[in-house]
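I opened the file to look up how the chains meet and what the backbone does in a few places. The entries follow in the order in which I made them.

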Amino acid sequence: MSNVTPETLIQICMGLPLVALVLVVITGKIANLREACTITISSVLFFVTCQLAGHVFSGARPEWSLGDVMMPGFEIAFQVEPLGMLFALVASGLWVLTTIYAIGYMRGHHEINQTRFFACFAIAIFAALAAAFSANLFTLFVMYEVMTVSTYPLVTHHGDEKARNGGRVYLGILLSTSVAFFMLAIAWTWSVAGTLDFTPGGVLAEAFSEGKINAVQLAILFCLFAFGIGKAALMPFHRWLPAAMVAPTPVSALLHAVAVVKVGVFSVLKVAIYIFGIDLIADTHAGDWICYVAAASILLASLVAMTKDNLKARLAYSTISQLAYITLGAAIATEASMLGGGMHIAMHAVGKITLFFCAGAIYVGAHKTNISDMRGLGRTMPFTFGAFLIATISIIGLPPGGGAWSKYFLALGAVDSGKAWLMGTLMVSSLLNIAYLVPIPILAFMAPTKNETDDESHVDGGWKIKEGPLLCVVPLCITAIGSVVLFFFANQIYQWLIPIVQSGH
Amino acid sequence: MTLTEFFGLYNYWIVVFLMMTGFYIVIARRNMIKTVIGLNIFQVSVVLLYVTMGKVTGGTAPIIPPGIAGHSDGEHASSHGSHDAHEVVDHAHQHAADAAEIIYSNPLPSVLMLTAIVVGIATTALALALIVRISEDYGTIEEDEILLMDRRQ
Amino acid sequence: MIEYLHFHLPVLPIVIPLMIAPLCVLLGSRHVANVLSLFACWVTFGLSLLLVSRVCELGEISYFLGGWKPPYGIEYAIDPLNSFLMAMIAGMGAIVLTYSGPSLRDEVPKSKHYLFYSLYLLCMTGLMGMCATGDLFNVFVFLEISSLSTYALISLGKTRRAPLAAFQYLIMGTIGATFLLIGIGLLYQMTGTLNMADIGVQLERYRVAAVIVDGIEGPPHWEGSRTMLVAFAFLTVGLCIKMAVFPLHTWLPNSYTYAPSVVTCFVAATATKVSVYAFIRVVFGIFTPEFAFELLPLDTALWSFSLVGIFVASIAAIYQTNIKRRLAYSSIAQVGYMLLGISMANQDGLTAGIVHMFNHGLIKGALFMVVGCFVLRLGSVQMDDWRGAGKTMPWTSLAWAIGGLGLIGVPVTCGFISKWLLLTAAMEDELYLVAALMLISSLLAVIYVWQVVEVLYFSPPSEKAKKATEAPLIMLVTTYVVVAATLVFGVWTTWSAGLAGDAARFLLQGGAP
């Protein structure tokens with residue numbers, strides 16, 4: 001592999017999901033072959049992404065563009081920098097696990113239209129990688145929308161009334177925010193700055209100093225971006241996320257814990273760092289409004305999560321809350337907060353995907369969706385709930401969970417920027433996290449089952465282990481371990497991400 | 001604008017009058033045949049407009065008199081013997097001078113109108129054919145009644 | 001031989017269908033007519049592609065009909081703009097005709113097939129001619145050729161409403177064409193010529209240099225401009241009727257709804273666009289943008305009518321249960337986008353307007369082709385009967401979804417390219433309100449497209465949908481060719497947006513034909 005240039009690696013990275021798409025469609029009739037293809041390609045993709053990461057983290061910035069295929073000024077071009085690389089690494093790594101998990105889940109659940117499922121999955125991963133590698137806002141927007149559309153069939157997979165309504169909210173909110181705000185913001189940026197390229201230090205600083213745009217307009221533009229990137233699920237445009245939970249669990253897991261929502265917050269970070277520039281936001285206080293909105297989102301979503309009895313709905317609101325952390329990181333605009341936001345993409349992804357995997361495993365293994373029905377379930381599904389507990393720790397931000405570091409940096413950033421009240425918000429939010437997540441494993445392990453006496457699994461004073469399918473349990477254990485490993489690995493990620501904030505100076 | 005000027009433009013007044021009459025009939029009449037008649041009047045007014053603008057005061061029909069046409073033909077001239085070539089050339093010059101004095105009307109608008117009339121006829125024929133089919137299908141050619149029938153369905 | 005071909009290239013795409021059309025009638029056999037017309041269409045398409053490449057290579061090409069030099073003779077002036085459009089028309093014409101077979105047998109009595117082919121070719125002749133010619137009166141003649149054949153084509157529809165729709169269109173269309181004729185007459189009266197380039201030059205005589213008061217340049221001024229104003233008004237209104245600009249659009253929904261599916265495919269993809277082209281020519285080639293947009297407030301008028309039209313027509317589309325009518329209203333809205341771009345009269349806006357003519361032609365053609373497939377198998381254009389057809393006709397339904405995404409303007413489809421260009425042009429002109437309204441209006445497209453998608457995929461199948469089978473292969477393949485084109489031109493835009501950009505540059509440099 002050493003003789004392959006990073007440029008070629010980019011092409012391979014984005015090409016592989018498309019190859020997977022074609023193979024899945026061709027081999028659709030033979031389920032085993034189809035799934036073998038997906039697993040092989042996703043593994044190869046992860047390997048290739050790691051190769052590329054080696055180059056990028058050691059300082060290379062490989063570029064590749066589609067040439068003069070598009071109009072001048074608006075070209076599909078790719079350039080890999082550490083933040084995007086980290087995101088791509090997370091997305092492709094978790095794709096492998098999700099694929100394995102999805103096979104177990106879909107088969108265990110006898111889902112229909114599995115070919116369409118795997119095909120759309122591949123397109124979504126393609127869009128995630130392309131968005132991660134994008135060199136300008138135009139490319140990012142194109143891929144953002146490709147992802148919206150390609151995930152619609154996944155969300156509405158069941159094809160019934162509920163799926164239709166969920167899909168309607170999903171597509172409605174994501175499309176309308178992106179068209180009405182995001183696209184407008186991009187065009188505005190273009191007309192002011194004359195370029196859409198992601199440039200270290202931002203492209204708007206010059207326009208600001210020339211007086212083409214004033215501080216208030218910058219703040220409005222930042223709002224347009226923050227709300228326009230509907231996938232970041234900032235309140236009040238968060239409704240699509242709970243609505244998308246009608247999808248099969250693997251979809252919720254990968255897309256609504258990793259790919260879709262992370263494309264959202266990734267875009268917000270990318271815009272903040274490479275379009276506005278950290279200094280510009282800090283100097284003009286362009287992000288202040290969004291700070292309030294994000295802080296409110298964090299708290300409100302946590303409060304709503306506490307009221308939800310459906311596990312997936314609770315996780316969805318938890319996601320909204322956690323995403324707002326990252327948006328907050330972008331809005332605070334200090335080095336530490338940006339780094340914290342970037343790290344949180346990885347930390348939260350691994351943690352949250354574990355939780356969703358668990359939710360799916362519980363559904364397949366015990367056919368339970370409501371938290372109140374899960375009393376004592378931990379005794380029959382120890383691995384699942386053990387993983388759940390570990391992931392919970394990471395999401396809350398307690399050591400030894402990876403989330404501890406990212407939240408630490410976010411808090412550091414809040415203090416740096418002189419917004420001490422944000423510290424309070426983060427603290428309260430952590431307490432709320434404990435309040436709505438910890439009871440679930442506690443309930444499962446400690447509480448007696450509802451009807452202890454006639455429970456079949458209660459044999460001879462011990463507990464018969466009755467987990468979900470093996471293909472479901474193994475991935476969730478791996479990701480749970482991963483979220484702990486990330487705690488010890490955090491310094492490495494920190495080192496990787498350092499260039500993105502330094503290049504601005 | 002003096003009265004003479006006003007009436008001097010009588011052609012145009014007729015054109016405008018016909019145009020508006022035709023246009024009004026098209027808009028106001030709900031009977032299809034009458035609509036087509038209105039359309040025809042409308043189109044004819046345009047024909048008049050073109051013909052009017054082609055007219056040059058004192059101009060005659062734009063046809064070259066036969067004498068000039070014959071003699072100015074180079075081939076015809078050379079067919080005469082060389083001895084009277086001089087005379088022929090003189091003759092031709094004479095006729096050319098005559099030709100310059102004749103004022104012709106502009107023939108182009110009239111030619112254009114030939115095309116427009118053909119288009120008009122085609123339109124009318126097609127419209128009438130459509131009306132025949134409508135009357136076969138609906139049993140009436142009053143637009144209001146037809147709309148009513150369609151709505152009732 | 002090749003030289004001969006190259007020399008006569010500008011006129012061949014018009015002459016070939018024109019010659020074959022009567023042949024179809026004379027031979028009177030539907031099989032022969034089918035083969036002949038297919039041949040004519042594909043040859044025309046090939047020639048127009050050749051023409052595009054020649055124009056790219058050599059620049060503008062002039063062809064004098066019968067060797068008579070302009071301004072006395074008729075000139076065919078081929079430039080980046082019209083060669084581009086001619087290729088689109090011929091391409092759509094050829095592909096729709098290839099597609100037509102099964103649908104035609106279903107909807108039009110066999111005895112009338114040879115007439116259909118003849119009319120179809122005539123319609124194509126008219127549209128191609130309107131693009132190619134540099135002579136204003138010739139524009140009128142070709143307009144009438146295409147219009148008359150369109151009326152007749154529409155009246156071939158199955159229901160008794162078809163002749164009625166054709167008649168209503170005929171009345172409106174003839175008024176429009178006659179307005180055009182009046183405008184042409186008045187221009188001729190002023191300039192004594194019919195050649196568009198020449199008229200443009202002659203009108204220059206009336207132009208008075210702008211008055212400069214206190215260093216501020218006053219508005220441009222035209223001496224004796226009353227006739228010019230009247231001519232301009234007649235031409236604009238006449239063409240607006242043919243373009244179906246709101247509020248002059250009333251003829252369009254019925255015509256598109258009741259015409260045979262194949263006719264709707266072709267007409268919806270091409271006819272209004274050619275009128276938009278003629279409009280561009282009149283505004284930019286004959287009258288200058290200065291005259292139209294600075295002296296007269298045509299830009300304000302256009303964009304306000306366009307925006308109102310976009311909203312009204314899009315909202316009307318949402319309430320239609322007849323899918324053809326739904327798409328017809330959408331067409332009215334989409335014409336609004338084209339005019340919006342044109343009214344900005346800058347490089348990006350004009351490019352957007354021109355490229356949207358092309359893109360929308362593809363998208364609407366594709367969608368109507370999908371409708372044709374459904375009509376063949378379900379025998380209905382009512383949304384209720386389409387319920388659940390996604391299960392029995394998966395490929396056709398998928399084509400609708402992809403085409404619909406193009407209509408909405410989602411990235412990677414060509415609809416996005418036009419929307420994006422339009423947006424950046426509006427921002428450049430600091431028309432923020434227009435930009436915002438345009439974006440919001442495009443959300444209405446989401447509603448009227450997605451309602452149908454939901455009906456196809458999420459509703460329990462209707463009786464008709466249960467029995468339906470996938471559309472015939474030839475129709476599916478041709479539909480997918482067009483659908484694929486909407487995707488290809490959404491990514492590979494050097495050809496579409498690039499050529500449109502060239503055309504816009506050409507027009508803005510005072511490009512007379």
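Entry 1, backbone of chain A. I looked up Ala233(A) and found it in the loop between helix 8 and helix 9 of chain A. Its phi is near 55°, a positive value in a residue other than glycine. I note here that the model is predicted, and that local features such as this one need pLDDT of at least 70. The loop between helix 8 (215-228) and helix 9 (240-243) of chain A also holds Pro236(A). I checked the bond before that proline: Met235(A) and Pro236(A) are joined by a cis peptide bond, with omega about 5°.

Entry 2, backbone of chain C. I found a cis peptide bond here too, running from Phe246(C) to Pro247(C), with omega near 0°. I placed Pro247(C) in the loop between helix 9 (226-243) and helix 10 (251-258) of chain C.

Entry 3, chain C as a whole. I counted 23 helices and 6 strands in the secondary structure of chain C. The radius of gyration of chain C is 22 Å, and the globule rule gives 24 Å for 513 residues; the two are close, so I recorded chain C as being as compact as a globular protein of that length. Along the principal axes, the C-alpha atoms of chain C fill a box of roughly 75 × 55 × 40 Å.

Entry 4, which chains touch. I found 2 pairs of chains in contact, and chains B and C share the most contacts. Chain A and chain B are joined by no contact; their closest C-alpha atoms lie 33 Å apart.

Entry 5, chain B against chain C. I listed 37 residues of chain B in contact with 31 residues of chain C. The two chains bury about 3100 Å² between them, and carbon and sulfur atoms account for 75% of it. Which residues make the salt bridge between chain B and chain C? I found Arg161(C) paired with Asp150(B), with the closest N and O atoms 3.5 Å apart. The count between these chains is 1 salt bridge. For polar contacts I got 8 residue pairs across the interface of chain B and chain C, both residues at pLDDT 80 or more. On the side of chain B that touches chain C, at least two residues each come from helix 2 (10-28), helix 3 (32-54), helix 7 (107-138) and helix 8 (143-152) of chain B. Helix 7 of chain B gives the most to that side, with 17 residues. I sorted the residues of this side of chain B into 27 nonpolar, 6 polar and 4 charged.

Entry 6, chain C against chain A. I listed 30 residues of chain C in contact with 31 residues of chain A. The area buried between them is about 2700 Å², 80% of it from carbon and sulfur atoms. Across this interface I got 2 residue pairs in polar contact, both residues at pLDDT 80 or more. Helix 19 (414-428), helix 20 (432-458) and helix 22 (473-491) of chain C are the elements that give two or more residues to the side of chain C that touches chain A. Helix 20 of chain C gives the most to that side, with 10 residues. The residues on this side of chain C divide into 21 nonpolar, 5 polar and 4 charged.

Entry 7, salt bridges. I counted 9 salt bridges over all chains of the structure. Arg168(A) lies in helix 6 (residues 161-193) of chain A and Glu454(C) in helix 20 of chain C, so this pair joins two chains. I read the closest N and O atoms of Arg168(A) and Glu454(C) as 2.6 Å apart. The rule finds 1 salt bridge across the interface of chain C and chain A.

Entry 8, domains of chain B. I took the domain assignment of chain B, which gives domain 1 (3-62 + 107-152) and domain 2 (63-103). I found 7 residues of domain 1 of chain B in contact with 4 residues of domain 2 of chain B. The two domains of chain B bury about 350 Å² between them, with 60% on carbon and sulfur atoms. Thr60(B), Ala61(B) and Pro62(B) supply 67% of the area that domain 1 of chain B buries against domain 2 of chain B, more than any other three residues. I looked for salt bridges across this interface and the rule finds 0.

Key
Residues are numbered from 1 along each chain as its sequence is written. Chains are lettered from A and ligands numbered from 1 in the order in which they are written. This is a predicted model: local features need pLDDT of at least 70, side-chain atom pairs count only at pLDDT 80 or more; totals for chains, interfaces and linings use all residues. Side-chain values use heavy atoms; hydrogens and water are left out. Domain bounds come from an automatic or database domain assignment. Contact means heavy atoms within 4.5 Å. Buried area is the accessible area (1.4 Å probe) that two parts lose on being put together, summed over both. A salt bridge is a side-chain nitrogen of Lys or Arg within 4 Å of a carboxyl oxygen of Asp or Glu. A polar contact is a pair of N or O atoms within 3.5 Å; within protein, one must be able to donate a hydrogen and the other to accept it, and residues adjacent in sequence count only if both atoms are side-chain atoms. Helices (H or I, at least four residues) and strands (E, at least two) are DSSP runs, numbered from the N terminus. Ala, Val, Leu, Ile, Met, Phe, Trp, Tyr, Cys and Pro count as nonpolar, Asp, Glu, Lys and Arg as charged, and the others, Gly among them, as polar. The radius of gyration is taken over C-alpha atoms; the globule rule is 2.2 Å times the number of residues to the power 0.38.
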